[in-house]
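Grab a pencil and work through these exercises with the model open beside you. Each task comes with a solution, so try it yourself before reading on.

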Amino acid sequence: MAIYRFKVTFEDYDDISREIDVKSNQTFEELHLAIHQATGYNPDYSSSFYISNDQWTKGEEIAYKPNERKTNRGVALMENSKLSNFIDDPHQKFYYTFNFDRPFDFHVELMKILNETPGLTYPSVFKSVGEAPKQFGNVLGTTVIPPTSEEFDFLNEMEFNPEDAEDFSEVKDPALGLGGSVDEEEETHEEEEDEFGNEFSDNDGFEDDEFGGGRKGGHDDY
């Protein structure tokens, strides 16, 4: 039995990949399940493979859990579609969209055609590179509830208790001159002015006396 080795790469994360070996007579559904066994995603979401060219242009669709419109159109189903019936190129490509509600897109490329290894169960993951990104609702065994509001409630986030506000009702910082009343500050300021004002009050006529009144129009010495 011929074995297809596919390289599966995230379209938006080309450094994350899986190489999966599948029997030629196995179905697209089995490849679909193998991809998500290798990524850790829940595979139970509507998804599709598309026969693709080298530019990753979507062609014929092969669907898993298609909607009514696709079903009525007669879309091919993964569970009924053998891989060998859709491969006519040694480097056949498939564009793959997983979970149309919150999609991840993949490039699936046939890398090699090998001989079956006796005793090995297929599909089989041959190589795994990088950790698959997380996605809400898709990771096996994980339930993630997105926030209901984009606003960040700082007080609730910090577990703020209104009773704690009493501790901040009066803050006294000597370095900032806080804590005294306005009247006390004004009174202190006036006392300082009086102290320095009295110190120099006896010299109010200093200029007039020293120069004999010369700065007030006195010209007796001349």
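**Exercise 1.** Find the residue of S7 that stands opposite Val8, then work out how S1 and S7 run.

*Solution.* Start at Val8: across from it in S7 sits Val108. Next, follow the two strands along: S1 and S7 are antiparallel, and nine bridges join them. Keep in mind that you're looking at a predicted model.

**Exercise 2.** Now look at how S6 pairs with S7, and find the residue with a positive phi in the turn.

*Solution.* Begin with the pairing: S6 and S7 are antiparallel and share six bridges. One spot to check is Lys93, which faces Glu109 in S7. Then go to the turn. The two strands make a hairpin with five residues between them, and Asn99 in that turn has a positive phi of about 65°.

**Exercise 3.** Trace the path from S3 through S4 to S5, and say which way each pair runs.

*Solution.* Step one: S3, residues 47-52, pairs with S4 in the antiparallel sense over five bridges. Ser48, for instance, has Ala63 of S4 as its bridge partner. Step two: S3 and S4 are a hairpin too, with five residues between them, and Trp56 in the turn has a positive phi of about 60°. Step three: the chain leaves S4, passes through helix H2 (residues 68-73) and arrives at S5, making a right-handed β-α-β crossover. Step four: S4 and S5 (residues 76-77) run parallel, joined by two bridges. In that pairing, Ile62 stands opposite Ala76, and Ala63 stands opposite Leu77.

**Exercise 4.** Put the strands of the sheet in order and pick out the edges.

*Solution.* The pairs you've just traced belong to an open sheet of eight strands, and its order is S5-S4-S3-S6-S7-S1-S2-S8. The pairing is mixed. At the edges you'll find S5 and S8 (124-129), each of which pairs on one side only. For comparison with the order along the sequence, the chain reads β-β-α-β-β-α-β-β-β-β-α-α-α, with five helices and eight strands.

**Exercise 5.** Which residues touch the most other members of the largest nonpolar core, and which elements give two or more residues to it?

*Solution.* The core has 27 residues, and the ones touching the most other members are Phe6, Leu31, Phe49 and Val108. As for the elements giving two or more residues, they are strands S1 (2-10), S2 (17-23), S4 (58-64), S6 (93-98) and S7 (104-115), plus helix H1 (28-39). Zoom in on Phe49: leaving out residues up to four places away in sequence, its contacts include Leu31, Ile35, Ile62, Met78, Phe94 and Val108. Polar and charged neighbours turn up as well, among them His32, Glu60 and Glu61.

**Exercise 6.** Is His36 buried or exposed, and which side chain makes a polar contact with it?

*Solution.* First, place the residue: His36 lies in helix H1. Second, check the cut-off: buried means under 20% relative accessible area. His36 has 0%, so it counts as buried. Third, look for its polar contact: the side chains of His36 and Tyr96 are joined at 2.7 Å. Finally, list what else His36 touches, not counting residues up to four places away: Tyr41, Pro43, Phe98 and Phe106 join Tyr96 on that list.

**Exercise 7.** What percentage of the chain's residues count as buried, and how much area does the chain expose?

*Solution.* Of the 222 residues, 29% count as buried. The chain exposes about 15500 Å², and carbon and sulfur atoms supply 47% of that area.

Notes. Residues numbered from 1 in each chain as written. Predicted model: local features only at pLDDT ≥ 70, side-chain atom pairs only at ≥ 80, totals over all residues. Heavy atoms only, no water. Helix = DSSP H or I, 4+ residues; strand = E, 2+ residues; numbered from the N terminus. Buried < 20%, exposed > 50% of the residue type's maximum accessible area, 1.4 Å probe, protein only. Areas by Shrake-Rupley, 256 points an atom, 1.4 Å probe, with all protein chains shown as cover. Core = buried A, V, L, I, M, F, W, Y, C linked by side-chain atoms within 4.5 Å. Contact = heavy atoms within 4.5 Å. Pairing = 2+ DSSP bridges. Right-handed = clockwise from strand over helix to strand, strands pointing away. Polar contact = N/O pair within 3.5 Å; in protein donor to acceptor, adjacent residues only side chain to side chain.
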